[in-house]
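Trainee: I've got a model open on my screen and I'd like to talk it through with you. Can we go from the overall picture down to single residues?

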Amino acid sequence: LSIIDKGLSTISYYEQETIRNRWINVEVGPVRGWWKYVRVAVILLVGLLLCVGLVIFWNRTMAREIRRRKKIEGRLRESELKKSKMIGELDQLNRQKNEYIGIVAHDLRNPICAIELMASFLLENSRSQLDADQREFAARIEKLSHFMEMLIEDILDYSKIEAGRIERSEEHTSELPSRQST
């Protein structure tokens, strides 16, 4: 190796480069085509930036949509709670109404029955003491009080149906008084 170095030191720089290039076969000079690599790198970088931008845009859009839907779900939950509260209040009011109807019907039934019994008693026991108009009034009172008693029984049945405590009984419709005759 030292012999080659001594020989190379005796020749000019230009001759040394020629020998090196011949044996090593490497061209030293300006690099050609580097701009192709730069262009590819720039395109890839722009593509990467576009992808990152799209991902950021998509994430923000999704975050807005999620917030909007959570608001809607919150409002829906609130309305469902209000609805269930209102239904509970309406059920309570309906029960109170049915209780009131039952109480009123029971309270009305006793005086109506008493009126009907008194009218029946007047008609049966006092035929000779009552004139024709009085007997007609007593018969009408008896008939109307019986009709009122039937209405009160219907109200009580309705109250039982609403409360879920209905008892089934069969009646013949021919025995019921006609409402047109009253």
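Trainee: What is the accessible surface of the protein, and what share of it belongs to carbon and sulfur atoms?
Mentor: Keep in mind that this is a predicted model. The accessible surface of the protein comes to about 16,400 Å². The part of that surface that belongs to carbon and sulfur atoms is 61%.

Trainee: And how many of each element does the protein have, helices and strands?
Mentor: Walk along from the N terminus and the elements read α-α-α-α. That gives 0 strands and 4 helices.

Trainee: What percentage of the residues is buried?
Mentor: Buried here means under 20% relative accessible area. The protein has 182 residues, and the buried share of them is 12%.

Trainee: Take the contacts with a separation of 6 or more: what share comes from residues 24 or more positions apart?
Mentor: Here we set aside pairs with a smaller separation than 6 and look at the contacts that remain. Of those, residues 24 or more positions apart account for 70%.

Trainee: Now for pairs like that. Which residues does Gly102 contact, leaving aside neighbours within four places in sequence?
Mentor: Start with where Gly102 sits: it is in helix α3, and it counts as buried because its relative accessibility is 10%. Gly102 and Lys160 are 58 residues apart in sequence, yet their C-alpha atoms are 8.1 Å apart in space. The contacts of Gly102 beyond its sequence neighbours are Leu156 and Ser159.

Trainee: Is Ser159 buried or exposed?
Mentor: Ser159 is in helix α4, and it touches Asn98, Ile101 and Gly102 once residues up to four places away are left out. Its relative accessibility is 5%, which is under the 20% cut-off. So Ser159 counts as buried.

Trainee: Let's turn to charges. How many salt bridges does the structure hold?
Mentor: For each one, you look for a side-chain nitrogen of Lys or Arg within 4 Å of a carboxyl oxygen of Asp or Glu. Glu73 with Arg77 qualifies, with the closest N and O atoms 3.8 Å apart. Counted over the structure, the total is 4.

Trainee: How far apart along helix α3 are Glu73 and Arg77?
Mentor: Glu73 counts as partly exposed because its relative accessibility is 42%, whereas Arg77 is exposed at 54%. The two are 4 residues apart in helix α3, so what separates them is about one helical turn.

Trainee: Which residues are joined into one network by salt bridges that share partners?
Mentor: Look at Glu65, which is partly exposed with a relative accessible area of 23%. Glu65 pairs with Arg68, the closest N and O atoms being 2.6 Å apart, and also with Arg69, at 2.9 Å from N to O. In helix α3, Arg68 lies 3 residues from Glu65, while Arg69 lies 4 residues from Glu65. Sharing partners this way, the network is made of Glu65, Arg68 and Arg69.

Trainee: Which side chain of opposite charge is nearest to Glu149?
Mentor: Glu149 is found in helix α4, residues 132-163, and touches Ile112, Cys113 and Glu116, not counting residues up to four places away. It is buried yet has no salt bridge. The nearest side chain of opposite charge is 6.4 Å away, and that is Arg109.

Trainee: Back out to the surface. Which residues form the positive surface patch that includes Arg75?
Mentor: Arg75 itself is found in helix α3, and it counts as exposed because its relative accessibility is 55%. The residues that form this positive patch are Arg60, Arg64, Arg67, Lys71 and Arg75.

Trainee: And what is the area of the nonpolar surface patch that has Val42 in it?
Mentor: Val42 lies in helix α3 and is partly exposed, with a relative accessible area of 44%. Its partners in the patch are Trp34, Trp35, Tyr37, Val38, Val46 and Leu50. Together these side chains make a nonpolar patch of about 790 Å².

Key:
Residues are numbered from 1 along each chain as its sequence is written. This is a predicted model: local features need pLDDT of at least 70, side-chain atom pairs count only at pLDDT 80 or more; totals for chains, interfaces and linings use all residues. Side-chain values use heavy atoms; hydrogens and water are left out. Buried means under 20% relative accessible area, exposed over 50%, partly exposed in between (1.4 Å probe, protein chains only). Patches are made of residues with over 30% relative accessible area and no salt bridge: like charges are joined within 9 Å, nonpolar side chains (Val, Leu, Ile, Met, Phe, Trp, Tyr) within 5 Å. Accessible areas come from the Shrake-Rupley method with a 1.4 Å probe; for residues, only the protein chains shown count as cover. Lys and Arg count as positive and Asp and Glu as negative; His and the chain ends are not counted. The place of a charge is taken as NZ of Lys, CZ of Arg, CG of Asp or CD of Glu. Contact means heavy atoms within 4.5 Å.
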